[in-house]
Amino acid sequence: MLLTFMLPGLIVILNWLLPLALPFGVKVAIGLGVMIVSYYYFWSRLSSGSVFAPEFPRLIVVLFNWLLAAVLFLALFQLVLDVGVLCVDLVRWRLVSLPDTVREGAALFALLLSAVGVMNAVKVPAVKDVRVTIAGLPPQFEGYRLLQLTDLHISRLFPASWAKAVVARANTAGADLIVVTGDFIDGSVAMRQADIAPLEALHAPDGVLAVAGNHEYFFDYNDWMQSLSQLGITMLLNAHTVLTRGEGKLVVAGVTDLSASAHGQAGPDITAALQNSPAGAPVILLDHQPRMAATAADHGVALQLSGHTHGGMIVGLDRLVARGNNGFVSGRYHVGGMTLYVSNGTGLWPGFALRLGCPPEMTRFTLTVET
């Protein structure tokens with residue numbers, strides 16, 4: 001990962017910075033700044049022992065994300081400009097130079113674009129409404145509303161103040177049930193105990209149900225499962241619960257994350273999750289990653305709620321993220337008679353906090369009876 005992000009820094013220094021008509025000392029200062037920013041993940045590992053938990057003040061984390069994204073954008077813009085200059089050279093059959101004003105404009109645009117992306121990433125998301133028709137939904141559950149939070153990534157970037165604002169908005173969404181589809185945190189229980197505390201105030205008539213995401217397995221998984229349970233969150237780890245309205249029943253099941261077995265924990269097992277569930281009751285499945293949606297559909301799941309992809313974060317990049325998730329990246333999909341919804345995420349990993357065209361969300365689902 002470090003080498004991957006060093007390459008754009010080198011492109012910026014060699015292709016953008018060196019040709020500029022600037023004093024040598026200024027070039028050295030800018031070059032050092034670019035390299036320091038490019039080493040963000042190295043500094044993060046030094047700060048906490050993990051690249052996933054930069055333990056710096058929030059402002060420093062915001063600045064690193066802003067400047068690192070600016071370096072990436074500037075490297076991309078410079079490569080495009082270099083190709084353009086090469087094409088002009090070939091057409092005119094003589095060397096042309098790129099004016100400093102063009103290079104400076106590219107840098108300014110990169111800084112502005114990354115600033116917008118970071119601001120979009122760290123804001124408290126709005127509630128997004130989605131209606132879902134459920135085959136066999138008991139009439140008692142017509143209009144039932146559940147709110148999905150996912151990929152909170154509570155950390156130095158998304159601290160207690162942000163979590164408190166998210167909880168306040170979630171509690172006023174009028175949901176019958178709140179679900180969290182994983183990646184609550186980045187950091188150990190000791191690091192995040194105060195930041196995660198506001199989640200204890202989450203409430204809905206049918207409670208708060210959740211599954212673990214892959215990031216929970218990076219940091220003291222068993223401790224986190226205990227800590228989250230102590231906050232009043234019911235963890236569905238290859239398990240289910242049955243909601244009732246009169247004679248009507250609705251099953252909400254959850255599975256562990258696909259990364260679990262690599263960390264010595266039980267992998268996702270939908271058969272175990274649905275064992276002894278009432279026959280004929282429609283099933284809503286919570287699964288952090290959307291990749292196994294076809295398997296869920298084969299087990300008769302009516303609605304699967306997932307996250308993990310962050311919506312791809314940037315328009316264009318989302319196509320690449322989709323490739324790593326069996327084509328699923330953002331929004332609603334129909335998979336073998338099942339509805340899959342992949343949320344853009346409420347927060348995202350503080351190592352690359354950027355959103356352009358893929359806004360964060362907390363999603364309010366209204367269930368309707370199939371007619």
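In the predicted model, helix 7 covers residues 189-196, and its buried residues are Val 189, Arg 192, Asp 195 and Ile 196. Looking down the axis of helix 7, these buried residues sit within an arc of 125°, so they line one face of the helix. The face turned away from that buried side is where the exposed residues Ala 190, Gln 193 and Ala 194 are found. As for what lies over the buried residues of helix 7, the cover includes helix 6 (160-171) and helix 8 (221-230).

Helix 8 can be read in much the same manner. Its buried residues are Tyr 221, Trp 224, Met 225, Ser 227 and Leu 228. Seen along the axis of helix 8, they fall within an arc of 165°, so here too the buried residues line one face of the helix. Asn 222 and Gln 230 are exposed on the other side of helix 8. Helix 7 turns up again in the cover, since what lies over the buried residues of helix 8 includes helix 7 and strand 5 (234-235). Just past the end of helix 8 comes Gly 232, with a positive phi of about 90°.

The loop leading into helix 8 from strand 4 (208-211) holds Ala 212. With a relative accessibility of 0%, Ala 212 counts as buried. Setting aside neighbours within four places in sequence, Ala 212 is in contact with Gly 182, Asp 183, Tyr 217, Tyr 221, Met 225, Met 235, Leu 237, Asp 257 and His 288. Two of these partners, Tyr 221 and Met 225, are also among the buried residues of helix 8. Asp 129 makes a handy reference point for distance: 83 residues separate it from Ala 212 in sequence, and the two C-alpha atoms are 24 Å apart.

Another residue of that loop, Asp 220, lies between strand 4 and helix 8. Although Asp 220 is not a glycine, its phi is positive, at about 50°. Its relative accessibility is 41%, which makes Asp 220 partly exposed. Asp 183, one of the contacts of Ala 212, also has a positive phi without being glycine, with a value near 55°. Asp 183 belongs to the loop between strand 3 (177-181) and helix 7. With a relative accessible area of 2%, Asp 183 is buried.

Back at strand 4, Val 208 is one of its residues. Val 208 counts as buried, at 5% relative accessibility. Residues up to four places away in sequence aside, Val 208 touches Ile 178, Val 180, Leu 202, His 203, Gly 232, Ile 233 and Thr 234. Gly 232, the residue with positive phi just after helix 8, is 24 residues from Val 208 along the chain, and their C-alpha atoms are separated by 7.4 Å.

Elsewhere in the chain, helix 3 spans residues 40-48 and has Tyr 40, Tyr 41 and Ser 44 buried. Viewed down the axis of helix 3, these residues fall within an arc of 90°, so they line one face of the helix. Helix 3 is followed by Gly 49, and the phi of this glycine is positive, near 90°.

Now for the chain as a whole. It contains 11 helices and 12 strands. The radius of gyration is 23 Å, close to the 21 Å that the globule rule gives for 371 residues, so the chain is as compact as a globular protein of that length. Along the principal axes, the C-alpha trace spans about 80 × 45 × 40 Å. Of the 371 residues, 53% are buried. Among contacts with a separation of 6 or more, 75% come from residues 24 or more positions apart; the pairing of Val 208 with Gly 232 gives one example of contact at a separation of 24 residues. The accessible surface comes to about 15800 Å², and carbon and sulfur atoms account for 63% of that area. As for charge, the chain has 22 positive and 25 negative charges, and the mean positions of the two sets are 8 Å apart.

Note on methods:
Residues are numbered from 1 along each chain as its sequence is written. This is a predicted model: local features need pLDDT of at least 70, side-chain atom pairs count only at pLDDT 80 or more; totals for chains, interfaces and linings use all residues. Side-chain values use heavy atoms; hydrogens and water are left out. Helices (H or I, at least four residues) and strands (E, at least two) are DSSP runs, numbered from the N terminus. The radius of gyration is taken over C-alpha atoms; the globule rule is 2.2 Å times the number of residues to the power 0.38. Buried means under 20% relative accessible area, exposed over 50%, partly exposed in between (1.4 Å probe, protein chains only). Contact means heavy atoms within 4.5 Å. Accessible areas come from the Shrake-Rupley method with a 1.4 Å probe; for residues, only the protein chains shown count as cover. Lys and Arg count as positive and Asp and Glu as negative; His and the chain ends are not counted. The place of a charge is taken as NZ of Lys, CZ of Arg, CG of Asp or CD of Glu. The arc is that of the directions from the helix axis to the C-beta atoms.
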